[in-house]
Amino acid sequence: MTSCLRAVAAIFLILWIGGFVSSVEASDLKNTVRNLYGSQGILLEPSPLPFFTQESRFQASSLQGLDQLNTQLTSSIGLPSFGSSVTGFTFDLERGIPIRTTESLGPLLTERATTLGARKLDVTLAYTRLNFTKLQGKDLDDLELVFRRGDVNGNGIQDTDGPFSFESDIIRSRLKVDLDEDIISFIATYGVTSVWDIGIVVPIIHVRLKAKASAAIFDQFGNLGGTRIGGLPIHKFGPQSKCDPSVDPPSSTDVCDAAGGGEETGVGDIILRTKYNFVRNAGGLTPDLAFLFEVKLPTGDEGRLLGTGGTNLGGLFIASKTYGRWFTPHMNVGYEINTKDLEQNSIRYALGFDARLLSKLSFDADVIGRFKPAGNETGKHINDLSLGVKWNPLSAWIIRTNIQIPLDKNSGLRADVIPTVGVEYLF
Amino acid sequence: MSFLTSRMTPFIVAVCIVVGVIVCAPPSGEAAKIIALKSADVDVYNEALEGFRTGSQGSTVIEYDMEGDFQKGKKFLAQLKSGPRPDLILAVGIWALQVVVEEVQDIPVVFAMVLNPTTVIGQEARNITGASMNVPIEQQLALLNKISPHVRRIGVIYDPSKTGGLVKQAERVAKDQGVRLITKAVASPKDSFAALDAMQDEIDALWILPDPTVLASESVQYMLLFSFRHKIPVLGLSENQARMGALLGLSFESGRDIGSQAAELAGGILAGKSIEELPFTTARKMRLTVNLKSAGKLGVHIPREILDRADVVIR
């Protein structure tokens, strides 16, 4: 009981730390990319008469492009889930003795149907590093956005010749985005009964988002500076374009660099979960079956990129069966509802196994996937390979390591590899 | 601070619920104090504890899980000796009983969910009684007899160091029922093969005992193979063995009922009865599995009475 209270006290301590440790550098980290050139998008310098004033001609296009990229980046940031080790017993009816089931320590990122055991408390501290490198298959340090201006003469097309040929000018912006997260997760799972677990995941997140953009004006033939009439540029950057003066000299009118971003630290979205194991040790070919329900609370500040800003509800059906007391294939299938944005609702699935390699060392491998039936193309369907090792050096201690490798980097915001290390203690 | 007030409210409520579940109300009153030492966290043991609690409503039952660790169990009992003496100790499972037998001599002990308890406590433990998992021998032999009146010779393989006492008792019961036990003693699982081959023309049925030596998986497989080869029905110990091919599987019905039997014994002790007045019990409710596929292969007709009584029929 003392250990249980200690664990609860630890949760409060982590929340207290997470709640007060925050950066003052950035207050709207989520909109870093969108606001690179200010909240109104790219504004050009007004052209002198007799030309049409051109300052707002790329505004809508740039706002839309930057906002879309911003959303693609920020909506894909998420927290991996963690399953607890199961170190219990099953019963040999013929011999009348319990049999240890600790031969395999369970997978790290997916779930087995078995529960922890009555009045058992499993506490895990895990560290995960996410260094995102790709968005929809494109390198984050070499993104390109092209902004097109509106129709000036109202003929419904962008003229390529004649006096309005400047309608075909474009702004090409090259962006370099550094986005990474360090997540320390405190995970506690408690066995209320032998078949019912409740648990909580409290993530402390440090997120760093830095973006640099270099925009340049081109004419339809690719000439820097855009269309010129009488040697004077129709479109040009100026003071109101919010270029970074440390990079671009005030005299530069055809290139405009900008940078933004910052770092934030705090509590992310807290997850409450419960698992009920409704079929176990049924014999024959029947696997152990369980249902897991989880709620992700909007405790992480969305603006600071620490949370999603909405409540997520998820249900997961779990089947697993141990063969030969060392090999446990498992399957998870479920659905997650994003109450804030129903297009982000997703089908979650995982298929894999965990196996005992040595008496105190187990290995797990899984394919973990997520499919958003109503989602846009960004991260609509992603699959990762998860490989993990668990080591039980002392009686109640378990060391976990895991890497998650994207199987397809052309979908969504992806890291090359996501490493996780952790230590777990079973009270 | 606004973070805590605005975003943490639902979480704090949830944590309070968790704490509420974790923190149990302490026992109070002058009820009999029973320490329940559980061998490990196993469903069937938890069922037995539930059955025991239900049958011991007036008592305070404090549960301790030794998690399969004998040293942990011994340490707990050592701590127990330095505190207020309990009125009774309940040992759930064979490991808990083994620890209690070693460490406790002066407190009444009731066990539950133990197979072949005499192998652990001998015949002379004066402070111990309990509810075993064993199925009454009478019922097992009677079941074979009901399958076929022609079953007069029942083969048994056993390790004298494990189930010698059980076999002696079974021989007496068999004699009373007019059947004969053909026994072969073995010292290792490998001996089972030769023992079985030696009795192939001497027996009408084979009875698997809860004997750890005989229950090695290769021995059980050979027994089932032997059964099909020589068309000799096998009475197994569980539904699992029936699914593997035994004609019948007979086991205790539930942990809850064994726990309930243990509670009745504990109630007797707390009411002032001596241990001698309360002998070990065997399971009073049974779970019967009949494998009709095996019956077909063996050419055995299962009477309607048996099928009606069966909890599981494998077709």
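This dialogue goes through some features of a predicted model, chain by chain.

Trainee: What should I know about numbering and cut-offs before I start?

Mentor: Residues are numbered from 1 along each chain as its sequence is written, while chains are lettered from A and ligands numbered from 1 in the order in which they are written. The model is predicted, so local features need pLDDT of at least 70, side-chain atom pairs count only at pLDDT 80 or more, and totals for chains, interfaces and linings use all residues; side-chain values use heavy atoms, with hydrogens and water left out.

Trainee: How many helices and strands does chain A have?

Mentor: Helices (H or I, at least four residues) and strands (E, at least two) are DSSP runs, numbered from the N terminus. Chain A has two helices and 20 strands. Of its 427 residues, 53% count as buried; buried means under 20% relative accessible area, exposed over 50%, and partly exposed in between, with a 1.4 Å probe and protein chains only.

Trainee: Is A:Trp397 buried or exposed?

Mentor: A:Trp397 is partly exposed, with a relative accessible area of 38%. The residue lies in strand S18 (residues 397-406) of chain A. Contact means heavy atoms within 4.5 Å. Leaving aside neighbours within four places in sequence, A:Trp397 is in contact with A:Trp391, A:Asn392, A:Val423, A:Glu424 and A:Tyr425.

Trainee: How do I read the sheet in chain B, and what is the order of its strands?

Mentor: Strands of a sheet pair through backbone hydrogen bonds, either parallel or antiparallel. Here two strands pair if DSSP finds at least two bridges between them. In chain B, seven strands form an open sheet with mixed pairing, in the order S7-S6-S8-S9-S10-S11-S12. Strands S7 (180-185) and S12 (312-314) of chain B stand at the edges with a single partner strand each, so one side of each has no neighbour in the sheet. Direction ignored, neighbouring strands of this sheet are turned by 20 degrees against each other on average.

Trainee: How many bridges join S6 to S7 in chain B?

Mentor: Six bridges join strand S6 (residues 153-158) of chain B to S7(B), and the two run parallel. One bridge partner pair is B:Gly155 with B:Ile182 in S7(B).

Trainee: Which strands does helix H8 of chain B lie across?

Mentor: For angles, axes are lines fitted to C-alpha atoms, for helices over the stretch in contact, and angles run from 0 to 180 degrees between N-to-C directions. Helix H8 (residues 160-177) of chain B lies across S6, S7 and strand S8 (205-207) of chain B, at about 165 degrees to S7(B). Helix H9 (residues 191-198) of chain B also lies across S6, S7 and S8 of chain B, at about 165 degrees to S6(B).

Trainee: Which residues are buried in helix H7 of chain B?

Mentor: An α-helix has 3.6 residues a turn, so residues three or four places apart point the same way. In helix H7 (residues 137-147) of chain B, the residues B:Ile137, B:Gln140, B:Leu141, B:Leu143, B:Leu144 and B:Ile147 are buried. They cover an arc of only 150 degrees around the axis, which puts them on the same side of H7(B); the arc is that of the directions from the helix axis to the C-beta atoms.

Trainee: Where is B:Ser39?

Mentor: B:Ser39 is in the loop between strand S1 (33-38) and helix H3 (43-55) of chain B. The residue is buried, with a relative accessible area of 0%. By contrast, B:His150 counts as exposed at 66% relative accessibility, and its place is in the loop between H7 and S6 of chain B.
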